[in-house]
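Can you walk me through this structure with me asking and you replying? Keep it informal, please.

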Amino acid sequence: MKKKFILLISILLLITILTGCWGAQELNTLGIVSATGIDIEGDEIITTFEIIKLNPSLGSSRSDGSKNVRYIQTRGKTIFEALRNTTLVFDRRIYLSHNQVYILGEELAKKGLTPYFDFLQRDHECRETAYLLVSKGSKAYEIMGFSSGVEDLQGNYIRDMLKNNKFTSKSVPINITEYFKNYYDAGIQPVVGVIQKKEKKYEKNMEMKNKDKSILSVEGAAVFNREKLVGYLNGEETRGYNYVRNKVKDGIIEFPTPSIDISKNTLLKIGSNVNNISNLDIKEFTVVEIIKSITKNKVEIEDGKIILKINVKTKGMLGEEQSNIDVSKDEVIKTLEEACSKEIKKQIEKALLKAQKEYKIDIFGFGNLFYRKYPKDWKKIKDNWNDIFSEVEFRVDVKTDIIRTGITNIPSDSLKGE
Amino acid sequence: MNKSEKVSSYQIILLLIIYRLVVAFSFMPAVNVSPGNQDIWIAVVLSIPYTILFCLPILFLSNKFNDYTLVEYMEIIFGKFLGKVIGLFYTFVFLIFTIAYVSILAEILDSTMYPSMPTIVTISIMLITCSYISFKGLEPIARGAEVFAPFILTVIFIFPMLGFNNLDFKVLLPILKDSTFIDLNKGAIEIALKFADVLILAMVTPNLEKKEKLNSIFIKSVFFGVLASNFVFIISLAALGIEQTKHSNFPFFTFARLINVYDFIQRIESIYVISWVTGNIGKTSGYLYFSTVSFAQILNKKNNSKYIIPLALVTLIISLIFKDRNSVIGVNEPLQRILLITILISIIIIPFIALIVYLLRRKKINVDVKE
């Protein structure tokens, strides 16, 4: 009886401490952030938060068209101070655990990220998986609040655009961990994503349908020399960069359809006759959809010279063909494969040359390859690797295999004949 | 401690593996040892022979006096007075480790999951659990290892599979190109000097089902413990890179936060924290239990359970004073220095002197033991 009584008392006591976590954060006390903008003006940090306005009765967006988000901007000497200052102007505590993206103002990025990033690494609420983006040519807060997607939340909208990188390979989804991994490494310089507001170039009707006059684009990449922004890569250069980094797993390659033996391999277009066929229009393009791509990089010393070797093997499917060539013939496919390889090679070389000649920094990690292969020599050149990288010779070798032609063979506007 | 309580070799091996793993699993001190580069994992492997070497005296004595605990045979070797003093020292050693593990777990929980929870609440709940486990005795502690070890090991092996796309094993290259033989051995010695769990083995020897398997238990637990710890270690290095792993207070926890499988399996670090807490509770319970056992033995008492609450209270007070004034993981000193000195004295110096004394007085000691 006594034992049962003690057990009962113990259970009752336990109930009092098992009701929940100490300092539990209820949903109605939190300002859940989905995107954060960080800028610098003078010595002051400006933080802009996109906060989800939780109001289930209103559904995903209001009938008046306004979105279920709030934007709060505060200033402080540090990011943490600016963040905590939100409680002076906003009724909820900022909660960063669901933050999807950090948009960094260009000025801040040029000044150097790392001193301001300590908070993002130290605080348990900040997720290492949040993406980093530099707002090209603008302040982060100029980008904030702008969404031309289906998603109401800009954080989710930008995150989804970055995840869609696999369809074009023209952007770089880099999170905090990846940035720091490259930042600490002597053999590679960090690259992060870019976000930019662009004017819409639609015709009148489209503008009326979508009221926004601008769109956001994540095309390109921001190049850093350690923590400082030094420049950008455009979309094609970014794809070249992604190729070298072996990050192209999907996407497309568009290239001018090569000139081929017309008499043998050109088909008669619908509505034309044999006499009309002269030369292939060079404005006609072929698109190959990448199915699989593997890049193997090597660094070798030949006759005392450092050579960078990039070997790309791509398998793809014929995605679109604008010219009237007979793709059902093996020799045509071979020619297209060569043209595709040439285009990939061109993009890789553009990215390499930009990093070498314009920025003079190794963003591809060849330094790491050199270190792994020639660790003793690396110690001698480690401190001026970027200078050496900007002068070294590179050899790009690309092999493309078009392994499918889709569910049709010859182009739609051609006749196969007999 | 009731010597009729028996634990199997399998149970004690699992217990010692988890005790070792829990350290790597939580704050991974090995990451900051020499050579401090991609070869650290080699230093961890190299620590096996050093661990065996450092533990040889205590292992030899435990084999010789396999019917006695560490505290009991120290009294046989050094005589009553000196033996009691040494026994008291070992009680303090177990208590120091209990305080250290309680403080470490409190810091882990406060830093990662419950920043608002006062340390007194974290530590109290932890010590209530540990005291209850200790009250139940040695057999439940050992049986607990059979339940919790598979769970912890499953977490360790499943998480890398889920987070495989975050792993880049090339960070471990080049192998043995940047580290000298001295660097690696320095690191290996430093790691070996962090291994204190042989004290648990020395206390549990009389309760082993097969005492003759003591050496095999020790070797297996050291080998598999290092293997599992190194696995955790390599995964953290591959996920975060060398420097970021060194920067991180809880590298494997950081890796767990990166896991995202098709936006479907993500934010699963709480499962990892559960295994973390389970392992730490198991380890703290073991050390608390043996601190009471050694205390009871120096007082010649058979029942150690009445000392559990007083010693848990001492642990609570000291941990609170200590933890509320220092960071025990982020700032290495003074905790790491205290632990190092404690291990040096308790595992190397005292057992080594005891071994010499035993060899010099073995005839008399053997006669005394027979009587």
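What follows is a set of questions and replies about this model.

Me: Before we start, what kind of model is this, and how are things numbered?

Reply: Residues count from 1 along each chain as its sequence is written, while chains are lettered from A and ligands numbered from 1 in the order in which they are written. Local features need pLDDT of at least 70, side-chain atom pairs count only at pLDDT 80 or more, and totals for chains, interfaces and linings use all residues, since this is a predicted model.

Me: What average pLDDT does chain A have?

Reply: pLDDT is the predictor's confidence in each residue, from 0 to 100. In chain A, 86% of the residues score at least 70. The chain A average is 86.

Me: Where in chain A does pLDDT stay under 50?

Reply: Where pLDDT is low, the predicted coordinates shouldn't be read in detail. One stretch of chain A has eight contacts beyond four places in sequence in the model, a contact being two residues whose C-beta atoms, placed from the backbone, lie within 7 Å. That stretch, with pLDDT under 50, is residues 271–282.

Me: How does the radius of gyration of chain B fit with a compact globule?

Reply: The radius is taken over C-alpha atoms, and the globule rule is 2.2 Å times the number of residues to the power 0.38. For 371 residues that rule gives a value near 21 Å, so chain B agrees with a compact globule. The C-alpha trace of chain B spans about 70 × 45 × 35 Å along its principal axes. The radius of gyration of chain B is 20 Å.

Me: How many helices does chain B have?

Reply: Helices (H or I, at least four residues) and strands (E, at least two) are DSSP runs, numbered from the N terminus. Chain B has two strands, and its helices number 14.

Me: What share of chain B is buried?

Reply: A residue is buried if 20 or more other C-beta atoms lie within 10 Å of its own, exposed if 12 or fewer, and partly exposed in between, with C-beta atoms placed from the backbone. Chain B has 371 residues, and the buried share is 50%.

Me: Which helix gives the most to the largest nonpolar core?

Reply: A nonpolar core is a set of buried Ala, Val, Leu, Ile, Met, Phe, Trp, Tyr and Cys residues joined through C-beta atoms within 7 Å. The largest one has 125 residues, and Ile18(B), Ala30(B), Val198(B) and Leu199(B) touch the most other members. With 16 residues, the top contributor to this core is helix 4 (residues 80–112) of chain B.

Me: What does Val198(B) touch, leaving aside its neighbours within four places in sequence?

Reply: Val198(B) is one of the residues that touch the most other members of the largest core. Its contacts, without those neighbours, are Cys55(B), Ile58(B), Phe218(B) and Ile347(B).

Me: Which helix supplies the largest share of the side of chain B that touches chain A?

Reply: The contact takes 14 residues from chain A and 19 from chain B. Helix 4, helix 10 (242–247) and helix 11 (251–258) of chain B each supply at least two residues to the chain B side. The largest share, three residues, comes from helix 11 of chain B.

Me: Is helix 11 of chain B mostly covered or mostly open?

Reply: The buried residues in helix 11 of chain B include Pro251(B), Phe253(B) and Arg257(B). With eight of its eight residues buried, helix 11 of chain B is mostly covered.

Me: Which proline follows Ser34(B) across a cis peptide bond?

Reply: Most peptide bonds are trans. Here omega is about 10°, and the bond is cis. The proline sits in the loop between helix 1 (9–26) and helix 2 (40–64) of chain B. It is Pro35(B).

Me: Is Asp263(B), with its positive phi, buried or exposed?

Reply: Most residues other than glycine have a negative phi. Asp263(B) isn't a glycine, yet its phi is about 55°. Asp263(B) lies in the loop between strand 1 (260–261) and strand 2 (265–266) of chain B. Because it has 8 C-beta neighbours inside 10 Å, Asp263(B) counts as exposed.
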